[in-house]
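Here are my notes on the model you sent round, set out as numbered points. Please read them with the structure open beside you.

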Amino acid sequence: MVMAVRFSPDGFTNTRISRHLIERSGSISRDIHDTALFRTNGLIGLGRLIVSEFPQGVRIYNPACSYGHEPISMALILSNFLGGMDYVIEKYPVFGSDRSNDVIEVAKSGLIWLTEKNLGALKLFGTDKHLINPVKVDDKTTEFELSDSLKRAVVFRVNNIVDEIRSIDSSKPSVIIMRNVWYYMDGNTKDALVRALRDNLSPRSILSIAYGDSSLSYYGIHPLGGYFAGICDDISGSLSEGERDTFWEKTVFRKR
Ligand SMILES: C[S@@+](CC[C@H](N)C(=O)[O-])C[C@H]1O[C@@H](n2cnc3c(N)ncnc32)[C@H](O)[C@@H]1O
């Protein structure tokens with residue numbers, strides 16, 4: 001039985017993640033929820049922008065985070081910029097959520113599978129300090145434990161993206177990282193999400209989306225970047241050169 005294309009090692013049923021899932025959920029999902037550690041270098045520029053926009057700290061929400069690699073990457077990047085994970089825990093807490101119970105159970109397990117492709121990430125941002133006790137699962141996959149402080153920096157829960165945005169404290173700015181999810185949603189959910197972002201986010205909040213979510217050419221007639229035009233300023237250009245996604249236009253917005 002495989003859980004996802006990216007997570008389908010031969011010895012799957014003997015891994016700590018699979019034992020955790022079977023204990024908690026009684027089964028292993030076959031759904032694919034693609035993600036990866038440091039999937040985009042846009043997160044590096046975004047981390048720098050977050051610290052410069054909010055030097056006193058800010059709450060960071062990462063809905064539709066799949067197995068949690070994205071919020072974990074952000075906590076590692078911020079820890080590196082700030083000089084330690086304690087600052088992230090205290091001033092830049094990261095809240096990962098996803099509508100899928102299975103992926104959130106994996107995220108909550110405090111374990112992470114890295115394939116050959118993202119094993120290279122271990123040398124980045126002090127990652128090797130925070131991804132510990134590796135166990136080889138098969139030729140391509142290694143399972144790591146998250147350090148205790150990394151586990152405290154990122155909190156996970158099951159939630160629909162619209163409810164997650166509605167639950168945010170609207171009296172102060174927040175950062176929302178919602179990447180590669182727009183094309184999962186039906187028209188009603190997209191409309192509800194845009195309304196929640198418009199009505200519930202404080203001015204100066206920052207929204208980060210993926211190029212694919214933003215671009216008309218990729219996913220038809222609903223480019224998310226266009227939806228934001230009336231309520232946000234496009235500040236994608238604030239990401240420094242070399243720390244942007246290859247496609248960086250219209251991916252970072254500041255609420256007016
Ligand atoms: C391709 S993954 C994106 C993961 C991560 N954001 C990234 O870019 O690497 C899409 C995720 O969106 C989640 N998702 C889809 N619709 C959602 C919704 N309405 N509310 C919350 N999560 C949703 C799926 O369960 C899946 O884990």
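The points below go from the whole chain to the ligand shell, one helix pair and a single residue.

1. This is a predicted model, and the points that follow should be read with that in mind. The protein chain has 13 helices and ten strands, and buried residues make up 45% of its 256 residues. Among contacts in the protein chain between residues at least 6 apart in sequence, 77% join residues at least 24 apart.

2. Around the ligand there are 22 residues, of which the closest are His33, Thr35, Ala64, Ile161 and Asn180. By class, the residues of this shell divide into nine nonpolar, seven polar and six charged.

3. Helix 1 (residues 16–25) packs with helix 5 (residues 101–108) at an angle of about 125°, their axes being 10 Å apart; since angles of 65 to 115 degrees count as roughly perpendicular and those over 145 as roughly antiparallel, the two helices are therefore oblique to each other. Their crossing is right-handed. On the side of helix 1 the contact is made by Ile17, His20, Leu21, Arg24 and Ser25, and on the side of helix 5 by Asn101, Asp102, Glu105 and Val106; these residues divide into three nonpolar, three polar and three charged.

4. Asp86 lies in helix 4 (residues 85–91). Is Asp86 buried or partly exposed? Asp86 counts as partly exposed because it has 13 C-beta neighbours inside 10 Å, where 12 or fewer would make a residue exposed and 20 or more buried. Asp86 and Ala153, although 67 residues apart in sequence, are 8.0 Å apart in space, C-alpha to C-alpha.

Conventions:
Residues are numbered from 1 along each chain as its sequence is written. This is a predicted model: local features need pLDDT of at least 70, side-chain atom pairs count only at pLDDT 80 or more; totals for chains, interfaces and linings use all residues. A residue is near a molecule or strand if its C-beta atom, placed from the backbone, lies within 6 Å of it. Ala, Val, Leu, Ile, Met, Phe, Trp, Tyr, Cys and Pro count as nonpolar, Asp, Glu, Lys and Arg as charged, and the others, Gly among them, as polar. Helices (H or I, at least four residues) and strands (E, at least two) are DSSP runs, numbered from the N terminus. Two residues are in contact if their C-beta atoms, placed from the backbone, lie within 7 Å. Axes are lines fitted to C-alpha atoms, for helices over the stretch in contact, and angles run from 0 to 180 degrees between N-to-C directions. Angles under 35 degrees count as roughly parallel, over 145 as roughly antiparallel, 65 to 115 as roughly perpendicular and the rest as oblique. A crossing is left-handed if the near helix is turned anticlockwise from the far one by less than a right angle, and right-handed if clockwise.
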